[in-house]
Amino acid sequence: MGSSRRILGALGLLSCLALSAHVPAALAAEAPAPRELARVPFTERYQAVLHGGLVRASNSGISCRREASPDAEPCAEVKRGAAGVNGDFEMFYSEVDKDPDTYNSTRAELKVPQGAKVAYARLYWGGNLRVGEQKPPQDNGRVLVAEPGGAYKEVLADTVMGHRVDAGSDAYQASADVTPLVRKGGAGMWTVAQLNIAMGHSEVGAWGGWTLVVAYEHPREPVRRVSLWDGFEGLAARAADGIVEVEGLNAPPGSAGRVGVVGYDGDRGVLGDSLSVTSDSGRRVNLSDSENPFNDVMNSTITEFGHHSFVRQPEHMNNLGYDADVFDLSPALSGGARSLSFRFTGESQGHFLGVLFVQTDARR
């Protein structure tokens with residue numbers, strides 16, 4: 001977020017979307033507009049106990065083009081991981097598909113294990129519509145998705161959309177069930193284009209990106225409980241709120257686990273944000289790693305256990321307002337767990353939460 005703005009407030013979530021064939025823009029414009037809500041609390045979208053687990057692919061859709069503040073680090077250094085906030089730069093779309101009919105496109109690798117079956121897949125996307133330009137909100141519920149080696153298909157919203165205008169921003173998050181498409185497309189490089197996000201410069205800053213979360217089954221993997229939660233919550237500066245209570249776990253002592261988080265408008269180098277988890281035994285653990293310090297967790301990274309575990313195009317280290325990180329949950333499960341409470345604290349300029357997904361070992 002920019003250097004002096006306040007948090008936008010709580011936003012809603014677009015849920016229960018439909019996958020459609022790619023149709024001309026004139027016909028797509030006739031699709032009914034989804035209903036909008038100002039705020040949707042986190043709720044469980046999907047859960048299963050299976051031999052398998054969760055994987056994800058993710059990328060941001062916009063990055064810096066040049067510095068707009070005399071105090072900003074050089075844009076090239078920020079892309080390589082230097083501290084920097086989106087409000088200090090002129091921002092421009094990332095484009096990798098060489099298609100003149102798309103104005104942004106990025107790719108990321110989905111690493112579904114060989115021999116696995118896709119049980120469920122959901123695509124999330126979101127961003128800020130008002131920066132140096134104003135994007136039309138009626139396009140929030142539409143993106144183009146291409147499976148590895150495939151052509152674009154259009155994904156449309158059909159029910160509820162989160163959309164809130166406040167404090168110089170015009171922000172939203174959306175999601176779609178894309179299980180059939182991912183079952184067909186499988187592992188490899190997925191491309192997402194036409195994210196409805198604004199470019200340019202403002203104090204609030206430009207941000208936006210996408211994350212594809214996939215639950216899979218594989219007979220050779222351990223029995224695990226997987227769950228996917230979503231909503232859209234604004235965290236004010238240094239406010240601490242218990243956002244998600246994950247119950248019904250059957251994790252034995254010494255279990256392995258992981259938790260993934262998608263967040264918006266968190267800034268690298270702006271401190272105060274944190275993520276902790278408490279098990280029903282009372283054990284509390286701060287979740288952090290080498291790329292996500294305990295007091296700067298929402299720092300515009302796309303990592304897994306502190307590493308860059310899959311290929312992205314482009315592959316910026318500082319994604320200037322978009323986070324999609326996976327943390328090691330095992331320390332919180334050392335004594336076993338029947339439930340987990342995830343607690344988030346807002347950074348000094350606030351940020352947003354959109355997705356949380358959890359994988360834990362389960363008793364056989």
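Accessible areas here come from the Shrake-Rupley method with a 1.4 Å probe. On that basis, the chain in this predicted model exposes about 13,500 Å², and carbon and sulfur atoms supply 51% of that area. The chain has 364 residues, and buried ones make up 60% of them. Strands turn up again and again along the chain: there are 22 of them, alongside 3 helices. Contacts also reach across the sequence. Taking those with a separation of 6 or more, 84% are between residues 24 or more positions apart.

What sits inside? In soluble globular proteins, nonpolar side chains tend to be buried together. Here the largest nonpolar core counts 64 residues, and Trp125 and Leu212 are the two that touch the most other members. Strand β7, covering residues 117-128, gives the most to this core, with 7 residues. There is also a second core, separate from that one, made of 27 residues and including Ile243, Val285, Leu329 and Leu340.

Next comes the sulfur chemistry. A disulfide is a covalent bond between the sulfur atoms of two cysteines. The structure holds 1 of these, and the partners are Cys64 and Cys75, with 2.1 Å from S to S. Cys64 belongs to strand β4 (residues 62-67) and Cys75 to helix α2 (residues 75-79), so to speak a strand tied to a helix, with the two positions 11 residues apart in sequence numbering. Both Cys64 and Cys75 are buried. The torsion about their S-S bond is about 95°, which makes the disulfide right-handed.

A few spots in the backbone stand apart from the usual pattern. Most residues other than glycine have a negative phi, and most peptide bonds are trans. The bond joining Gln313 and Pro314 is cis, with omega at about -10°. Pro314 lies in the loop between β19 (312-313) and β20 (322-328). That loop between β19 and β20 also holds Leu320, which is not a glycine but has a positive phi of about 50°. Phe305 is another non-glycine residue with a positive phi, near 55°, and its place is the loop between β18 (284-286) and β19. How covered are these two side chains? With a relative accessible area of 1%, Leu320 is buried. Phe305, at 31% relative accessibility, counts as partly exposed, because the buried class is kept for values under 20% and the exposed class for values over 50%.

Strand β20 itself is worth a look. Of its 7 residues, 6 are buried, so β20 is largely enclosed by the rest of the structure. Its partner is strand β16 (residues 257-264): the two run antiparallel and are joined by 7 bridges. Within this pairing, Val261 stands opposite Asp325 of β20.

Two polar residues show what can be found under the surface. The first to consider is Arg224, in strand β14 (residues 223-235). A relative accessible area of 15% puts Arg224 among the buried residues, since the cut-off for buried is under 20%. A polar atom of the Arg224 side chain lies 2.6 Å from the backbone oxygen of Gly52. Apart from neighbours within four places in sequence, Arg224 is in contact with residues from several parts of the chain, among them Ala48, Val49, Leu50 and Gly53, as well as Tyr216, Gln359, Thr360, Asp361 and Ala362.

The other polar residue is Asn196, found in the loop between β12 (188-193) and β13 (208-217). Is Asn196 buried or exposed? Its relative accessibility is 2%, so Asn196 counts as buried. The side chain of Asn196 makes a polar contact with the side chain of Asn140, at 2.8 Å. Leaving out residues up to four places away in sequence, Asn196 also touches Tyr103, Leu129 and Tyr172, along with Lys135, Pro136, Pro137 and Asp139. Asn196 is 69 residues from Gly127 in sequence, yet their C-alpha atoms are 7.0 Å apart in space. Gly127 falls within the residue range of β7, 117-128, the strand that gives the most to the largest core.

Terms used
Residues are numbered from 1 along each chain as its sequence is written. This is a predicted model: local features need pLDDT of at least 70, side-chain atom pairs count only at pLDDT 80 or more; totals for chains, interfaces and linings use all residues. Side-chain values use heavy atoms; hydrogens and water are left out. A nonpolar core is a set of buried Ala, Val, Leu, Ile, Met, Phe, Trp, Tyr and Cys residues joined through side-chain atoms within 4.5 Å. Buried means under 20% relative accessible area, exposed over 50%, partly exposed in between (1.4 Å probe, protein chains only). Helices (H or I, at least four residues) and strands (E, at least two) are DSSP runs, numbered from the N terminus. A disulfide is a pair of cysteine sulfur atoms within 2.5 Å. Contact means heavy atoms within 4.5 Å. A polar contact is a pair of N or O atoms within 3.5 Å; within protein, one must be able to donate a hydrogen and the other to accept it, and residues adjacent in sequence count only if both atoms are side-chain atoms. Two strands pair if DSSP finds at least two bridges between them.
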